[in-house]
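Reader: I should like a close look at a single part of this structure, followed by an account of how that part sits within the whole. Please set out the reasoning wherever a classification depends on a cut-off.

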Amino acid sequence: MDDKATRGDDRAVSEGTPSGGELSSFPQAGRERMILPQPINALGTGAPNVEKAMLERMSPQRVFMMGDNPALQRMPKAPKLLDFFRLRFNEITFRHLLQSAKSALDAGQDEKIVIACLLHDISNGALLRTEHGYWSAQVVAPYVSEEVAWAIRHHQALRYFADESVGFKYPDAYNQFFGPDYEPPEYIQQAHREARAHRWYMTSRLITIYDTYSFQEGWSVDPEVLTDVIGRNFKQPKEGLGFDGSPSAHMWRTMIWPNNFL
Ligand SMILES: [Fe+2]
Ligand SMILES: [Fe+2]
């Protein structure tokens with residue numbers, strides 16, 4: 001039985017692959033399942049587009065992956081927010097979001113700030129980094145207040161602009177990330193101006209404050225300390241995230257099955 005998965009670069013995906021008996025319970029059992037990298041991943045990187053070559057390799061025994069990937073931890077049938085944290089998010093985002101939320105909690109901030117901090121970079125966990133404030137806001141919008149989603153959306157722009165009144169300086173990290181002469185584009189400057197004039201400005205600004213102090217190695221926060229805040233401020237659908245028909249359900253499903261061909 002040739003039951004393995006391959007990525008676009010043709011290496012077999014084997015890390016965490018369960019034993020043969022278990023494999024039969026995964027979809028497409030008995031076939032090699034090819035994983036085509038997402039188009040946006042390769043664009044502009046010089047990596048070759050492998051779609052055509054993979055289509056040519058297709059056969060009755062070699063198909064494109066659909067459904068649970070044995071190399072990933074299986075998600076529960078009705079996944080909740082913290083399941084995505086534990087089973088899908090990369091380590092840096094996992095730690096950063098929990099540290100941000102815990103810092104806001106320890107500072108005695110309102111729960112709306114704590115939940116906004118917990119979710120502000122959620123798209124970086126297992127979806128997309130580019131335009132992360134906008135993606136993160138859209139992912140969670142059906143489940144949080146309008147104010148929290150607005151604050152998450154605008155934190156992306158506010159990070160580029162100091163606000164001395166609350167002690168927020170342009171992040172040193174951004175000088176390192178982008179170079180000291182980087183200027184944010186016009187649409188980001190526009191978003192900053194709009195946010196400044198908005199009644200929810202400080203909700204978004206506070207995200208950027210706790211953001212700054214939340215890249216600490218060696219400080220692990222147990223997600224369970226946030227269970228009550230999540231319970232009161234994030235409407236978890238009984239069907240599970242991804243299966244409730246919300247406008248962002250497909251984004252949660254994309255994180256459950258990130259390797260699906262279509
Ligand atoms: Fe961010
Ligand atoms: Fe952040």
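Author: A residue counts as buried if 20 or more other C-beta atoms lie within 10 Å of its own, as exposed if 12 or fewer do, and as partly exposed in between. The model is a predicted one. Ala42 has 16 other C-beta atoms within 10 Å, a count between the two limits, and is therefore partly exposed. Leu127 has 20 such atoms and so meets the limit for a buried residue. Across the chain, buried residues make up 31% of the 262 residues.

The setting of Ala42 may be described before turning to the core. Ala42 belongs to helix H2, residues 39-42. Apart from neighbours within four places in sequence, Ala42 is in contact with Pro37, Ala47 and Asn49. The domain assignment gives domain 1 as 5-64 and domain 2 as 81-256, which places Ala42 in domain 1 and Tyr201 in domain 2. These two residues stand 159 residues apart along the chain, and 36 Å separates their C-alpha atoms. The C-alpha centres of the two domains are themselves 32 Å apart. The chain as a whole has 14 helices and four strands, and its C-alpha atoms fill a box of roughly 65 × 40 × 35 Å along the principal axes.

The part chosen for the close look is the largest nonpolar core, a set of 40 residues in which Ala116, Cys117 and Val140 touch the most other members. Two or more residues each come from helices H4 (81-87), H5 (91-106), H6 (111-119), H7 (122-126), H8 (132-140), H9 (146-158), H12 (201-212) and H14 (249-256). Of these elements, H6 gives the most, with seven residues.

The burial of H6 fits that contribution. Eight of its nine residues are buried, so H6 is largely enclosed by the rest of the structure. The buried residues are Lys112, Ile113, Val114, Ile115, Ala116, Cys117, Leu118 and Leu119. Their cover includes H5, H7, H8, H9, H12 and helix H13 (227-233). Ala116 shows part of this cover in detail: beyond four places in sequence, it touches Val148, Ala151, Ile152, Thr203 and Ile207. By the helix ranges, Val148, Ala151 and Ile152 belong to H9, while Thr203 and Ile207 belong to H12.

Ile152 also leads to the packing of H9 on H8. The axes of H8 and H9 are 7 Å apart, at an angle of about 165°. Since angles over 145 degrees count as roughly antiparallel, H8 is roughly antiparallel to H9. On the H8 side the contact is made by His132, Gly133, Tyr134, Ser136, Ala137 and Val140, and on the H9 side by Ala149, Ile152, Arg153, His154, His155 and Gln156. The crossing of H8 and H9 is right-handed.

Leu127 lies in the loop between H7 and H8. Setting aside neighbours within four places in sequence, Leu127 is in contact with Trp135, Met251, Thr254 and Met255. Trp135 falls within H8, and Met251, Thr254 and Met255 fall within H14. Leu127 and Met251 are 124 residues apart in sequence, with a C-alpha to C-alpha distance of 8.0 Å. In the chain overall, 73% of the contacts with a separation of 6 or more join residues 24 or more positions apart.

Methods. Residues are numbered from 1 along each chain as its sequence is written. Chains are lettered from A and ligands numbered from 1 in the order in which they are written. This is a predicted model: local features need pLDDT of at least 70, side-chain atom pairs count only at pLDDT 80 or more; totals for chains, interfaces and linings use all residues. Domain bounds come from an automatic or database domain assignment. A nonpolar core is a set of buried Ala, Val, Leu, Ile, Met, Phe, Trp, Tyr and Cys residues joined through C-beta atoms within 7 Å. Two residues are in contact if their C-beta atoms, placed from the backbone, lie within 7 Å. Axes are lines fitted to C-alpha atoms, for helices over the stretch in contact, and angles run from 0 to 180 degrees between N-to-C directions. Angles under 35 degrees count as roughly parallel, over 145 as roughly antiparallel, 65 to 115 as roughly perpendicular and the rest as oblique. A crossing is left-handed if the near helix is turned anticlockwise from the far one by less than a right angle, and right-handed if clockwise.
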